[in-house]
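Reader: I've got a new model on my screen and would like to walk through it. Could you take my questions one at a time?

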Amino acid sequence: MRRAPTRGLLIVISGPSGVGKDTLIKRLLELDRNLRYSVSCTTRPARPGEVDGVDYAFVSRERFQQLIDEGAFLEHATYNGNLYGTLTERVERERDAGHDVVLKIEVQGAEQVRAKVPDGVFTFVVPPSVDELVRRQVKRNTETSKDMTARGLIATREMEYASRYDHVVVNDELQRTVAEVLAIIRSARERDIQDK
């Protein structure tokens with residue numbers, strides 16, 4: 001008889017806009033075949049190069065509200081005037097199949113997830129400095145100056161939440177940062193196996 005797969009971990013990665021979460025997660029997924037990325041829903045418009053269903057599931061405010069009313073979200077939050085949320089069903093399906101699921105969510109959503117999944121692995125990514133964060137945001141060239149100002153204020157508030165996370169990782173050099181986060185994930189897997 002085939003043994004059922006061990007239920008996967010829930011890995012939450014947060015950090016201010018522009019800190020490099022997308023690049024970090026992309027590399028983690030390339031290096032660890034058991035990781036799955038949970039594509040969030042959002043009401044914000046797609047940026048150039050973003051693909052619906054790959055980067056985000058882009059939905060209308062009406063559809064997003066309908067999903068809230070149905071209780072479909074593991075977490076949802078407003079960020080810079082747009083709505084973001086993680087669909088519970090997608091996460092649970094992957095975890096039940098034995099895959100570890102990576103969520104890229106902001107601090108409001110992470111607080112909701114912590115209340116529902118206290119054994120999740122919560123990692124906060126910080127820049128080497130605020131000046132470096134601003135430089136990365138400008139280099140992305142994806143937001144208006146008004147959006148940049150708003151995101152800067154949000155980033156300052158978000159950094160205050162870092163101490164609530166299990167791990168704080170400085171994204172100063174991608175290869176080193178990826179190795180550190182992979183070590184955190186592998187350590188959590190070992191603990192999970194020992195607890196079962």
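Author: Happy to, and let's begin in helix 7 (residues 174-195): Arg176 and Glu180 sit four residues apart there, which means about one helical turn separates them. Keep in mind that this is a predicted model.

Reader: How far apart are the closest N and O atoms of Arg176 and Glu180?

Author: Side chains of opposite charge can pair when their charged atoms come close. The cut-off for a salt bridge is a nitrogen-to-oxygen distance within 4 Å. Arg176 and Glu180 do form a salt bridge, and their closest N and O atoms are apart by 2.6 Å.

Reader: Is Arg176 buried, exposed or partly exposed?

Author: Buried means under 20% relative accessible area and exposed means over 50%, with partly exposed in between. Arg176 has 32% relative accessibility, so it counts as partly exposed.

Reader: And what about Glu180, buried, exposed or partly exposed?

Author: The relative accessible area of Glu180 is 29%. With the limits at 20% and 50%, that makes Glu180 partly exposed.

Reader: What span from first C-alpha to last does helix 7 reach?

Author: Helix 7 has 22 residues. At 1.5 Å a residue, 32 Å would be expected, and the model comes close to that. The span it reaches is 32 Å.

Reader: How wide an arc do the buried residues of helix 7 cover around the axis?

Author: The buried residues of helix 7 include Thr177, Val178, Leu182, Ile185 and Asp192. The arc they cover puts them on the same side of helix 7, and it is only 155°.

Reader: Which residues are exposed on the other side of helix 7?

Author: Flip helix 7 over, and you're looking away from the buried residues, which pack against parts such as strand 1, helix 1 (21-31) and strand 8 (121-126). The exposed ones on the other side are Gln175, Glu190, Ile193 and Gln194.

Reader: Now the open sheet: which strands stand at its edges?

Author: Five strands form this open sheet, with parallel pairing and the order 2-7-1-8-9. An edge strand has a single partner strand, so one side of it is left without a neighbour in the sheet. Those at the edges are strand 2 (35-37) and strand 9 (167-170).

Reader: By how much are neighbouring strands of this sheet turned against each other on average?

Author: For this one, direction is ignored. The average turn between neighbouring strands of the sheet is 25°.

Reader: In strand 7, what is the bridge partner of Leu10?

Author: Strand 1 (residues 10-14) and strand 7 (residues 100-104) run parallel, joined by four bridges. For Leu10, the bridge partner in strand 7 is Val101.

Reader: What angle does the direction of helix 3 make with that of strand 7?

Author: Helix 3 packs on the sheet, where it touches strand 1, strand 2 and strand 7. The angle between its direction and that of strand 7 is about 150°.

Reader: How many residues apart in sequence are the parts that Asp96 and Arg7 tie together?

Author: Asp96 forms a salt bridge with Arg7, and their closest N and O atoms are 2.5 Å apart. Asp96 lies in helix 3 while Arg7 is in the segment before strand 1, so in sequence the pair ties together parts that are apart by 89 residues.

Reader: Which residues are linked with Arg7 and Asp96 in a network of salt bridges?

Author: By the 4 Å rule, the count of salt bridges comes to 15. In the network with Arg7 and Asp96, the linked residues are Glu92 and Arg95.

Reader: How far is the C-alpha atom of Glu92 from that of Leu74?

Author: Glu92 is placed in helix 3 (residues 88-96). Along the chain, Glu92 and Leu74 are 18 residues apart. Their C-alpha atoms are separated by 9.6 Å.

Reader: Last stop, strand 5: in strand 6, what is the bridge partner of His76?

Author: Strand 5 (residues 73-79) is mostly covered, with five of its seven residues buried. Six bridges join it to strand 6 (residues 82-87), and the two run antiparallel. The bridge partner of His76 in strand 6 is Gly85.

Reader: Which residue in the turn between strand 5 and strand 6 has a positive phi?

Author: The two strands form a hairpin with two residues between them. The phi in question is about 55°, although the residue is not a glycine. The residue is Asn80.

Technical notes
Residues are numbered from 1 along each chain as its sequence is written. This is a predicted model: local features need pLDDT of at least 70, side-chain atom pairs count only at pLDDT 80 or more; totals for chains, interfaces and linings use all residues. Side-chain values use heavy atoms; hydrogens and water are left out. Buried means under 20% relative accessible area, exposed over 50%, partly exposed in between (1.4 Å probe, protein chains only). Two strands pair if DSSP finds at least two bridges between them. Axes are lines fitted to C-alpha atoms, for helices over the stretch in contact, and angles run from 0 to 180 degrees between N-to-C directions. Contact means heavy atoms within 4.5 Å. A salt bridge is a side-chain nitrogen of Lys or Arg within 4 Å of a carboxyl oxygen of Asp or Glu. The expected span of a helix is 1.5 Å times one less than its number of residues. The arc is that of the directions from the helix axis to the C-beta atoms.
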